[in-house]
Amino acid sequence: MDDFGVYAIFGVNGPPQKLLSADGSCRVCVAVPPVVRQVVLFSSGPWGDRICVNAELNDADRVPITIGKLTPYNRCLSWEQWEEETWTDSVTLNIALEGGSLTKAAWSEPELILAVKEYTPKDTTAPLAARELNGKRKRGQVAEEDSDENKVTKREEEENVCPNGTVEKTTPVRKARGQTKAGQKLFSGGGDATKMRGAANGAGEAQGIVGRTPPQSAVRTKSRQAKTPTQTAPLLSPSGRWGQTLCPIDAQTAILIGGQGARMQFCKDPMWKLCTEDMSWVAAETLAEGPTPEARIGHTAVYDPDSKRIFVFGGSKNKKWFNDVHILDTQSWKWTMVEAQGKVPPLAYHSCSMFRGELFVLGGVFPRPNPEPDGCSDSLYIFDPHLSIWYEPIVTGDKPSPRSGHSACVMQERKIYVFGGWDTPVCYNDMYMLDLGLMEFSAVKTTGKAPSPRSWHGSAVLSDTKFLIHGGYNGNNALTDTFIFDIDTNSWTEVSLPQLSVPRAGHSLITMDTSSRHPFSEEDKDVDMDAGTTLLVFGGGDNEGNFYSDLTTVPVEELLSDI
C-alpha cells in the first residue's frame with residue numbers, strides 16, 4: 001500500500017479491496033452484496049495533487065441513497081444500513097476521483113464494473129454478482145415511488161413526516177439560478193394536520209417534508225444526473241438547498257455549511273466560502289483539515305469573534321440525530337470534534353446564540369423511541385468551550401413553551417429575543433425575551449401588526465434596536481412577508497420590498513458590512529450598524545418544489561427607510 005489507493009471493506013468481516021489506484025481507472029462502480037450491511041471506504045498513500053474522491057451509494061435505479069467525499073484531510077467514510085432507510089438488497093457503490101494527472105480521455109472512459117469478493121456468512125443466500133448499470137430507468141419507477149410515498153405518510157412515529165395540511169395554490173414565482181423546473185414540493189398537501197403528527201413534532205425533519213413524488217420528467221432528469229456525477233462541470237456556486245447555515249466570520253466572508261436539496265438528498269457540495277467583496281463563492285470542503293461534520297440539516301453554526309472559531313452543533317440526517325460539537329478554526333482552517341462533558345440531547349431545528357464565548361442552545365426537536373412521536377424541547381443548554389462542558393442554567397420567569405424552528409436574536413449583548421416556531425400541530429407567533437444578566441425569561445407584549453404564526457423563518461439583526469423576520473412555514477405554505485421588530489418600543493412594522501417577495505422557508509438571513517469599514521475592529525464599535533450594511537438571503541424552498549441557490553441582497557438602509 002505504498003502508492004495511492006482507495007480501498008473498501010464490505011461487511012464487518014470482509015477484507016480490504018482496492019478499488020482505485022494511482023495508474024488505474026478514475027471511476028469505479030461496485031455491486032454491494034445483499035448480505036452486506038456495512039461499507040467502509042478509505043484511502044491510503046500520498047494524495048499528491050488529487051483533490052477528492054466522490055462516493056455514492058445508489059439504489060437499483062441509480063438514485064443516490066447517501067453520499068460522501070474523501071479528501072486529503074478526511075480519509076475514511078463508513079455507512080451502515082440502519083442509518084439509511086432506502087438501503088435495499090440492490091445497492092451499488094460508485095466512486096470517482098477528482099484532480100491529479102487526469103486526462104480528458106480518463107474522464108470519458110466507461111465505468112469499471114467490479115465484482116466484490118464478499119464474505120458469505122453461514123446459512124445465507126449467496127450474494128449477487130456485479131451487474132451492468134447503464135440500462136434505462138424503468139418506466140414503472142414513478143408508480144413505485146408513489147407507493148413508497150404512501151408508505152412514508154403512514155409512518156407517524158418517524159421524524160421525517162410533515163404535519164402539514166392542504167396546500168393552497170400560490171402565485172408562480174421565478175426560478176433561481178441552478179434550479180430544475182420540476183421537482184418535489186417542499187411543503188406538500190394532503191391529509192389532516194392533526195392526523196399527520198409525526199415527528200420532529202413539528203420540525204418535520206426536512207428530509208420528509210418533501211412529501212410528493214416529482215413529475216416523471218424530473219425523476220428521469222435526476223436519474224441521468226446520478227448516472228454520470230463526474231461528467232458535470234464543477235459548480236461555481238452552491239446548489240439549491242434548505243436547512244443550511246450561513247455564518248459570517250469577518251467583514252467580507254461567510255461560511256455555508258450543510259443543507260438538503262431535491263429528492264431528499266443531502267447536498268454533495270456541503271461547504272462554501274462567500275466573499276461579499278465581489279459576491280463570489282469558493283467551494284471550501286477540501287480547504288479545511290480534520291474530520292468534517294457529517295452531512296446534516298437543522299443544525300446551527302455560530303461564530304465567536306474572540307477565538308475566531310465556528311461552532312457547529314446538532315442537526316439530523318434521515319433517522320440519525322446529532323448532539324456533537326464541531327469546531328472550525330478559521331485561522332488554521334482545521335476542524336476538530338469536541339469530546340464534551342455533561343449531557344445534552346440530540347437536537348435539530350433549535351436556536352443557538354453566542355454570548356460571552358458560550359453557546360446558548362434553546363428548544364429544538366429530539367428523538368423518542370418508537371412508537372412515540374419525536375418531541376420538542378423547552379430547555380436551555382449552555383456549552384462552555386473553555387471547559388468543553390454542557391450544563392443547564394437555573395432560569396426563572398415565564399419561559400417559552402416547547403418548540404422548534406423558532407428564531408433567536410441577541411440584542412445589545414444582554415438580551416435574547418425568541419420568536420415563533422412550532423410544536424405540531426400548533427404554530428406560534430409569540431415573543432419571549434431572555435435577560436442574560438438575570439437569566440430570566442419574560443413574555444413580550446407587542447404592538448403593531450405582528451407576523452402570522454410560523455416556523456423555519458429567517459431572522460437577522462439590523463441594528464442595536466431592530467431585527468427582521470422574513471418568510472417561514474405556517475403549516476400549509478411557505479411565506480413571503482417581512483417584519484421588523486423594535487425592542488425599544490416593542491412594536492412590529494411590516495415592510496414590503498420586491499427583493500423579499502419570493503416564498504421561502506428554511507433559508508438563511510445574515511447582515512454583513514459591505515462598506516470599507518470593518519465591523520469587527522475597535523474603531524468601528526461606535527459606528528451605526530446600518531451604515532453600509534447589507535442583508536443577504538440565501539437558499540430555502542417554496543411550495544412549488546424549488547430549492548433556491550441564488551443570493552439576494554438588500555441594503556439595510558433601504559429596509560429601515562420607511563420606519
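In the predicted model, residues 24 or more positions apart account for 65% of the contacts with a separation of 6 or more. The secondary structure of the protein comprises five helices and 39 strands. Of the 563 residues, 55% are buried. The accessible surface amounts to about 24400 Å², and carbon and sulfur atoms contribute 50% of this area.

The largest nonpolar core contains 26 residues, and the members that touch the most other members are Leu 41, Trp 79, Leu 93 and Ile 95. Two or more residues each are supplied to this core by β1 (5-10), β2 (17-21), β3 (27-32), β4 (38-44), β5, β6 (64-70), β7 (76-80) and β8 (91-99). The greatest contribution, four residues, comes from β8. With neighbours within four places in sequence left aside, the contacts of Ile 95 include Val 6, Leu 19, Leu 20, Cys 26, Arg 27 and Val 28. Leu 41, Val 53, Asn 54 and Ala 55 are also among the residues in contact with Ile 95.

Charged side chains were examined next. Side chains of opposite charge can pair when their charged atoms come close. Over the whole structure, eleven salt bridges are found. One of them joins the side chains of Lys 268 and Glu 56, with an N to O distance of 2.3 Å. Lys 268 is in the loop between β11 (253-257) and β12 (271-275), whereas Glu 56 is in strand β5 (residues 50-58), so the salt bridge ties together parts of the chain that are 212 residues apart in sequence. The two partners have these accessibilities: Lys 268 is partly exposed, at a relative accessible area of 37%, while Glu 56 is buried, at 5%.

A salt bridge is also formed by the side chains of Arg 296 and Asp 324, at 2.8 Å from N to O. Here the connection is between two loops, with Arg 296 between β13 (280-283) and β14 (300-304) and Asp 324 between β17 (320-321) and β18 (325-329); the two residues are 28 residues apart and the pair links distant parts of the chain. Arg 296 and Asp 324 are both buried. In addition to this salt bridge, Arg 296 lies over the face of Phe 322, 3.9 Å from the ring centre. An arrangement of this kind is also found for Arg 403, which lies over the face of Tyr 428 at 4.3 Å from the ring centre.

In the salt bridge between Glu 494 and Lys 449, the closest N and O atoms are 2.9 Å apart. Glu 494 belongs to strand β36 (residues 491-495) and Lys 449 to the loop between β32 (440-443) and β33 (458-461), a link between distant parts of the chain that are 45 residues apart. Glu 494 is partly exposed, with 38% relative accessibility, and Lys 449 is exposed, with 54%. A network of salt bridges connects Glu 294, Lys 317 and Lys 320.

Aromatic rings were considered in turn. A pair of aromatic rings is described by the distance of the centres and the angle of the planes. The structure contains 19 aromatic pairs. In one of these, Tyr 417 and Phe 467 are tilted, with 5.9 Å between the centres and 45° between the planes. Tyr 417 is part of strand β28 (residues 415-419) and Phe 467 of strand β34 (residues 466-470), so the pair ties together parts that are 50 residues apart in sequence. Tyr 417 and Phe 467 are both buried. Phe 467 also pairs with Phe 485; the ring centres are 5.4 Å apart and the planes are at 45°, so this pair is tilted. Strand β34 holds Phe 467 and strand β35 (residues 482-486) holds Phe 485, 18 residues apart, and the pair links distant parts of the chain. Phe 485 is buried, as is Phe 467. One aromatic cluster is made up of Tyr 417, Phe 419, Phe 467, Phe 483, Phe 485 and Trp 492.

Further along the chain, Thr 533 is located in strand β38 (residues 533-538). The relative accessible area of Thr 533 is 6%, and the residue is buried. Apart from neighbours within four places in sequence, Thr 533 is in contact with Thr 511, Met 512, Asp 513, Thr 514, Pro 555 and Val 556. Thr 533 and Ser 463 are 70 residues apart along the chain, and their C-alpha atoms are separated by 9.5 Å.

Key
Residues numbered from 1 in each chain as written. Predicted model: local features only at pLDDT ≥ 70, side-chain atom pairs only at ≥ 80, totals over all residues. Heavy atoms only, no water. Salt bridge = Lys/Arg side-chain N within 4 Å of Asp/Glu carboxyl O. Buried < 20%, exposed > 50% of the residue type's maximum accessible area, 1.4 Å probe, protein only. Phe/Tyr/Trp six-rings, centres within 6.5 Å; stacked < 30°, edge-to-face > 60°. Lys NZ or Arg CZ within 6 Å of the ring centre and 35° of its normal. Contact = heavy atoms within 4.5 Å. Areas by Shrake-Rupley, 256 points an atom, 1.4 Å probe, with all protein chains shown as cover. Core = buried A, V, L, I, M, F, W, Y, C linked by side-chain atoms within 4.5 Å.
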